[in-house]
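The following note is offered for a colleague who wishes to read this structure alongside the sequence. The points are numbered for ease of reference.

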Amino acid sequence: MREKADLRLAVLIDADNIPYSCIKDMLDEVAKSGIPTIKRIYGDWTRPAVGGWKPLLLENAITPIQQYSYTTGKNSTDSAMIIDAMDILHSQKVDGFCLASSDSDFTRLATRLRESGMFVLGIGEKKTPKPFIVACDKFTYIEVIRPGNSDSVSQNKNADAAKLKGEHLAVGNDIVKLFRNTIDDLADDNGWASLAEVGSMLNKIRPDFDPRIYGFWKLTPLIKSLPHFEIDERETEYSKVRHIYVRNKKVVPSSNKRGRKANY
């Protein structure tokens, strides 16, 4: 079976909905999921609005596809991207796709590609509609990988807390509940679950889940920062490798108004 890192990916970029300032960081993110063997970007290159892309195309070996705007106010790249994606799919030259856009019009395309056994990575801004996000195997927000954020990540990735600088979302009760339910589903008889399996399951349940949204480089420091979980790092035959397991801490029943513990 082909390893995930060896997946051949077709990277299709909607120039109208992706900022050119993050292209290098975006391609680095794609490389974590596979090898970008096809890289194409779609737009009306006669328009000044996409002029910022042009010097970056040669630097990153991205092929521009010209698509004229036939109607004012409509995104002309949609149909061209969809037609190319289906042609690439039937050529059987790739194992997956990266669809870089914040446009919900690609929801059906992502669904169709997955129905054909393709891995689909979505990349877009936080304004991306939910239907497109959940149609992908994994979805990454541009705000997480854009320049400036990545520097903070690299400086803190080896720290115990790995807390990043800047504004990030707080871990709410919904995320804690998601963690607890996932751990319960994967736990052994003693309540322990492999953190690697937990992370994999989280991405299946929530394609847009990313510890960096909450200010952490990886899932391990994020889990360690929360008081709801226990961590067990188990040694392996390789001194530098440890298997990390996690389990839910038992919820202590709250006391009633008279100071006595509630009965359950």
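1. Helix α8, residues 173–186, lies across the strands β7, β8 and β9. Its direction is at about 110° to that of β9. The model is a predicted one, and the points below should be read with this in mind.

2. The three strands crossed by helix α8 belong to an open sheet with the order β7-β9-β8 and antiparallel pairing. At its edges are β7 (193–194) and β8 (229–235), each of which pairs on one side only. Strand β9, residues 242–248, is joined to β7 by two bridges, and the two strands run antiparallel. Within this pairing, S194 has Y245 of β9 as its bridge partner.

3. Y245 also deserves attention for its ring. R234 lies over the face of Y245, at 3.8 Å from the ring centre. Thus Y245 is both the bridge partner of S194 and the residue whose ring face is covered by R234. An aromatic cluster should be noted as well: F179, F209, Y214 and F229 form it together.

4. A second sheet is made of six strands. It is open, its order is β3-β2-β1-β4-β5-β6, and its pairing is parallel. The edge positions are taken by β3 and by β6 (138–141), each pairing on one side only. From one strand to the next, the twist averages 20°.

5. Which strand pairs with β1 over seven bridges? The partner is β2, and the pairing is in the parallel sense. Two positions can be located directly in the view: I13 has I41 of β2 as its bridge partner, and L12 stands opposite R40 of β2. As regards side chains, those of a regular strand alternate between the two faces of the sheet.

6. Strand β1 is largely enclosed by the rest of the structure, because six of its seven residues are buried. For the protein chain, which has 264 residues, the proportion that counts as buried is 44%.

7. The structure holds six aromatic pairs. One of them is formed by Y20 and W53; it is edge-to-face, with 6.4 Å centre to centre and 65° between the planes. The pair links distant parts of the chain, since its two members are 33 residues apart. Y20 lies in the loop between β1 (8–14) and α1 (23–31), and W53 in the loop between β2 (35–43) and α2 (54–59).

8. Are the two members of this pair buried or exposed? W53 counts as buried because its relative accessibility is 2%, under the 20% limit. Y20, at 41% relative accessibility, counts as partly exposed.

9. The loop between α2 and β3 contains N60 and also A61, with β3 spanning 63–66. N60 is buried, with a relative accessible area of 11%. Leaving aside neighbours within four places in sequence, N60 is in contact with I23, K24, L27 and K39. A61, by contrast, is exposed, with a relative accessible area of 51%.

10. The backbone at A61 merits a check. Its phi is near 55°, a positive value in a residue other than glycine. Q92 should be examined in the same way: its phi is near 60°, again positive in a residue other than glycine. For comparison, most residues other than glycine have a negative phi. Q92 is placed in the loop between α3 (77–91) and β4 (96–100). Q92 is exposed, with a relative accessible area of 67%.

11. Some totals complete the note. The protein chain has ten helices and nine strands. Among its contacts with a separation of 6 or more, 59% are between residues 24 or more positions apart. The protein chain exposes about 14900 Å², and carbon and sulfur atoms supply 49% of this area.

Conventions:
Residues numbered from 1 in each chain as written. Predicted model: local features only at pLDDT ≥ 70, side-chain atom pairs only at ≥ 80, totals over all residues. Heavy atoms only, no water. Phe/Tyr/Trp six-rings, centres within 6.5 Å; stacked < 30°, edge-to-face > 60°. Helix = DSSP H or I, 4+ residues; strand = E, 2+ residues; numbered from the N terminus. Buried < 20%, exposed > 50% of the residue type's maximum accessible area, 1.4 Å probe, protein only. Lys NZ or Arg CZ within 6 Å of the ring centre and 35° of its normal. Contact = heavy atoms within 4.5 Å. Areas by Shrake-Rupley, 256 points an atom, 1.4 Å probe, with all protein chains shown as cover. Pairing = 2+ DSSP bridges. Axes fitted to C-alpha atoms, helices over the stretch in contact; angles between N-to-C directions.
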